[in-house]
Amino acid sequence: MSPKEKTRIDHIASLKRDLFKNYDKEVIPMMKEDEPVNLAVSPTVIYMDMDDKGVINLHMWVRLMWKDERLAWNPEEYGGVGQLNLPNSKIWMPDVICFNGLNPEATGLDKAFDSGRRQTPVLVYASGDCTIVTSSMEVKVQCTDEEFANWPWGEYDAKVTFGSWTYKGREIKLSAGEGSWSFDNSNMVPNSPFYITVNSFKSDPLDVKTYGTEDEYMSLDYKFKVQRRYRITETGKESNPDPVPEFKPTQQ
């Protein structure tokens with residue numbers, strides 16, 4: 001290698017210097033006043049349980065996808081580098097929360113992105129597209145069912161609502177990732193005590209409210225039904241005597 005030949009590390013160092021020379025992470029990446037940031041949210045549930053007070057405990061991953069044109073570059077100018085893994089504290093991040101979350105981790109996804117371990121990196125592509133996925137996070141919500149018929153074996157209503165805490169619809173345009181109306185439950189732990197039934201995610205989760213103002217506020221209101229798969233008693237495992245089929249994403 002000649003003394004003047006740059007390594008990949010050199011190219012990445014140059015790229016980062018150029019990207020962050022005038023970058024302000026406190027400013028939302030709206031390039032024009034009438035063009036909101038498109039933010040897609042994709043929740044994945046991997047485990048679920050519910051106590052006798054109707055509190056549902058979900059373990060989830062949540063993927064956020066948006067574009068920050070200030071972080072775009074031409075790979076040919078940087079040795080073919082087409083992707084960076086950046087600490088999420090270095091760039092603007094959407095302030096997505098679970099509106100009906102009962103626990104601190106759910107009421108601010110930033111806690112899931114930095115939970116005392118190494119920060120979850122943001123994947124930033126040369127196009128300016130950004131993707132981040134939480135590590136496994138716990139989301140507790142209150143079951144919305146009013147009757148709790150046939151407890152503990154019945155089928156019960158539930159919902160989880162995600163949205164920006166401070167940005168209006170004209171600043172962040174929210175959407176369900178890949179147009180899906182549902183959670184991804186393909187990675188659900190097989191022995192999860194509760195599961196999502198087939199009678200779930202029957203409508204577009206996108207909800208827009210004005211709260212009596214001229215501004216629109218957007219959220220994703222995922223409505224679904226849950227049922228107990230089994231319980232552990234003094235005599236061992238007792239399975240649900242009348243289970244409803246489990247939801248599959250292709251069924252929405």
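A residue counts as buried when its relative accessible area is under 20%, and as exposed when that area is over 50%. This cut-off serves the whole tour, which goes through a predicted model.

Start with F224. Its relative accessible area is 3%, so F224 is buried. Now add F183, which at 1% relative accessibility is buried as well. The two ring centres are 5.3 Å apart and the planes meet at 55 degrees, so the pair is tilted. F183 belongs to the loop between strand 9 and strand 10, while F224 is in strand 12, and the two are 41 residues apart. Extend the selection to F201, Y222 and F247: together with F183 and F224 they make up one aromatic cluster.

Next, select strand 12 as a whole, residues 217-228. Of its 12 residues, 9 are buried, leaving the strand mostly covered. Three pairings can be followed from here.

- Strand 8 (residues 155-164) runs antiparallel to strand 12, with 9 bridges between them. To find the register, show V160, whose bridge partner in strand 12 is Y222.
- Strand 10 (residues 194-196) is also antiparallel to strand 12, through 3 bridges. Here F194 stands opposite R228.
- Strand 11 (residues 206-209) pairs with strand 12 in the antiparallel sense over 4 bridges. Show V208 and its bridge partner M218.

Keep M218 displayed and add S164, Y167, K168, I172 and L174; these residues line the largest cavity. The space inside amounts to about 30 Å³. How many cavities of 30 Å³ or more does the structure hold? The count is 1. By residue class, the lining has 4 nonpolar, 1 polar and 1 charged member.

Move on to the other aromatic pairs. The model has 14 aromatic pairs in total. For another tilted example, select F99 and W165: the ring centres are 6.3 Å apart and the planes are at 55 degrees, so this pair too is classed as tilted. F99 sits in the loop between strand 4 (96-98) and helix 2 (110-113), and W165 in the loop between strand 8 and strand 9 (172-176), so the contact ties together parts 66 residues apart in sequence. Is W165 buried or exposed? With a relative accessible area of 61%, W165 is exposed. F99, at 36%, counts as partly exposed.

Finish at Y230 and K237. The charged end of K237 sits over the ring of Y230, at 4.6 Å from the ring centre.

Conventions:
Residues numbered from 1 in each chain as written. Predicted model: local features only at pLDDT ≥ 70, side-chain atom pairs only at ≥ 80, totals over all residues. Heavy atoms only, no water. 1 Å grid on protein atoms, 1.4 Å probe; cavity = no way out; pocket = protein on both sides within 12 Å on 5 of 7 lines; lining within 4 Å. Points joined across faces, edges and corners; volume = space filled by probe spheres on them. Nonpolar A, V, L, I, M, F, W, Y, C, P; charged D, E, K, R; others polar. Buried < 20%, exposed > 50% of the residue type's maximum accessible area, 1.4 Å probe, protein only. Pairing = 2+ DSSP bridges. Phe/Tyr/Trp six-rings, centres within 6.5 Å; stacked < 30°, edge-to-face > 60°. Lys NZ or Arg CZ within 6 Å of the ring centre and 35° of its normal.
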